[in-house]
Amino acid sequence: MSPDLSEHIAVADLPPAHGFLAGALRGGGGPEFTTCHPGDGSVLATVEAATDAFVDEAVAGAVAAQPDWARTSPHERARILRAAADLIEARAGRLVHLVALDNGKTLAEACGDVFVAAAHLRAAAGWAATLEGVTLPADGSTLRMTFREPVGVVAAVIPFNTTFMFAAQKAGPALAAGNAIVIKAPELSPLAAPVFAELLTAAGLPAGLVQVVQGAGEVGRRLVEHPGVSMVSFTGSTAVGRQVMGSAAYGMKRVLLELGGKSANIVYADADLDAALHAAVGGVFRNAGQRCFSGSRLLVEEPVADAFTARVVEVARSIRVGDPFAAETQLGALISAEEAARVRAMIDKAVGQGARILTGGDAPPGVHPGGAFVAPTVLEIPAGLPRVPDIVYDEVFGPVLTVQRFSGARQAVELANDSPFGLVGGCWTRDLDRALTTARAVRSGYFWINSYGALALDAPIGGVGLSGVGRELGRVGHEAYTELKTVIVDTAAADAPRWY
């Protein structure tokens, strides 16, 4: 890692302030905290957390701006979202560096975040004018119909792992449906959200419709509980999701929660093992394992388990870990040194409970000593242990893969479903009947067959169990940002019977 980040910082053009209010960057006025580049620990900026007054002003501004936006033609809303997508792509060079500095991921992964964010805004624009109500069959003199209306002000609490993308994933549908949105940026990667808001404003979004607040949990709680907020859209850990759900409950706010995962990737013996190999490795190690839908549990059928696991270990050992800005780097840093230490502690605990390290388990050689790095780690979970190690059930959110063996589809499904989470899953087989049977039997909200991680921005995603409530993306995900109203018209009111 080069000790000099000045060139990358110059390209990223870091924002001078980190809250966003009434169409402009502003300091939050509260306690200051520093944000660091995870690749070497260098301080990037000092950020002011939002005071209670700042949060109140952000919500009040959103409440004031939202009614006019709801009355704006959906085609105009769509035009602004598409213009914002164009701006994001036009300024991708800056934004990719900003994301890599903010998050510690590689330039290639940061590039994916930026362009997927633009795609989310375009997808949302497509739904703006197509969210429909229905006309129900006439019943005598009554005409019955339903309308889709905006919920009002949405509080969006977004995670550190793909901040720019998640800002777009939530703001796009919210704005397309006629809502305003207040984004609570993650304190571990606070730089991307205000820049995202700036770009929306530059694309023509009226002031007040997107606001950004900074800070830790107490700021998020203040936002979620605010009486001016009608809906909370949260992506993050299950533990924090429980707190968000509790905070939203008193005001009976609508909640959309995409939470943690501990997803199973099943490899049957008849699979295309070359394709399964690279998808299995990419499925868990991309973004340093900091993805809620990581395929962190690899289940391999007995006849191919030895050979396939050996190939996974070989590929994992070959992954080049280091400087996020180096062209040769394939895996960057975790979000912080504290997170890296937590992941290594989980690995050590798993070994103490009987797991065997096949590769990794510590910081890789040659990386910057101030960086938050963990080597790609593969843990074998032997059968017959008196207790299955906790790491099989607990979300690691780091580059750690557990491997378990199975015999037959029944045991594969039993192992896959032996989890309190149910976000995604996948299986690999040439047998279509077995593939579909497995997909239906595994308890998850999303499932891949002969793939792991393929994007589908028009398909709803979300989880069951501890993985969340509701769905994002697709028609269902965009309708989640609306209220359904029924209207009944009596076309012959004068002829209606009187009760007196």
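Buried here means under 20% relative accessible area, exposed means over 50%, and partly exposed is what falls in between, all with a 1.4 Å probe and protein chains only. At 14% relative accessibility, Ser 247 therefore counts as buried.

A word on what you're looking at: this is a predicted model, where local features need pLDDT of at least 70 and side-chain atom pairs count only at pLDDT 80 or more, while totals for chains, interfaces and linings use all residues. Residues are numbered from 1 along each chain as its sequence is written, and side-chain values use heavy atoms, with hydrogens and water left out.

Back to Ser 247, which sits in helix H9 (residues 238-249). Helices (H or I, at least four residues) and strands (E, at least two) are DSSP runs, numbered from the N terminus. Contact means heavy atoms within 4.5 Å. Setting aside neighbours within four places in sequence, Ser 247 touches Arg 221, Val 224 and Glu 225.

**Helix H4**

H4 covers residues 92-103, and its 12 residues reach 16 Å from first C-alpha to last, close to the 16 Å expected at 1.5 Å a residue. That expected span is 1.5 Å times one less than the number of residues. How many residues of H4 are buried? The count is 11 of its 12, so to speak of H4 as mostly covered is fair by the definition of buried as under 20%. Among them are Arg 94, His 97, Asp 102 and Asn 103. Just after H4, Gly 104 takes a positive phi of about 90 degrees.

**Two helix pairs through H6**

Axes are lines fitted to C-alpha atoms, for helices over the stretch in contact, and angles run from 0 to 180 degrees between N-to-C directions. Helix H6 (residues 163-176) and helix H7 (residues 192-202) have axes that come within 9 Å and cross at roughly 40 degrees. That makes H6 oblique to H7; angles under 35 degrees count as roughly parallel, over 145 as roughly antiparallel, 65 to 115 as roughly perpendicular, and the rest as oblique. The H6-H7 crossing is right-handed, meaning the near helix is turned clockwise from the far one by less than a right angle (anticlockwise would be left-handed). On the H6 side the contact includes Phe 164 and Leu 175, and on the H7 side Phe 196 and Leu 199. Its residues divide into 10 nonpolar, one polar and no charged. For that split, Ala, Val, Leu, Ile, Met, Phe, Trp, Tyr, Cys and Pro count as nonpolar, Asp, Glu, Lys and Arg as charged, and the others, Gly among them, as polar.

Helix H5 (residues 107-128) packs on H6 at an angle of about 10 degrees, with the axes 8 Å apart. H5 and H6 are therefore roughly parallel to each other. Asp 113 and His 120 are among the H5 residues in this contact, and Met 165 and Gln 169 among those of H6. Here the division is 11 nonpolar, three polar and one charged.

**Loops and the far end**

Most residues other than glycine have a negative phi. Two asparagines go the other way:

| Residue | Phi | Location |
|---|---|---|
| Asn 287 | near 55 degrees | loop between H10 (273-285) and S13 (297-301) |
| Asn 450 | near 55 degrees | loop between S19 (446-449) and S20 (464-465) |

Is Asn 287 buried or exposed? At 6% relative accessibility, Asn 287 counts as buried, whereas Asn 450 is partly exposed at 38%.

Ala 494, in the segment after strand S22 (482-490), is exposed, with a relative accessible area of 68%. Its C-alpha is separated by 42 Å from that of Val 154, 340 residues apart along the chain.
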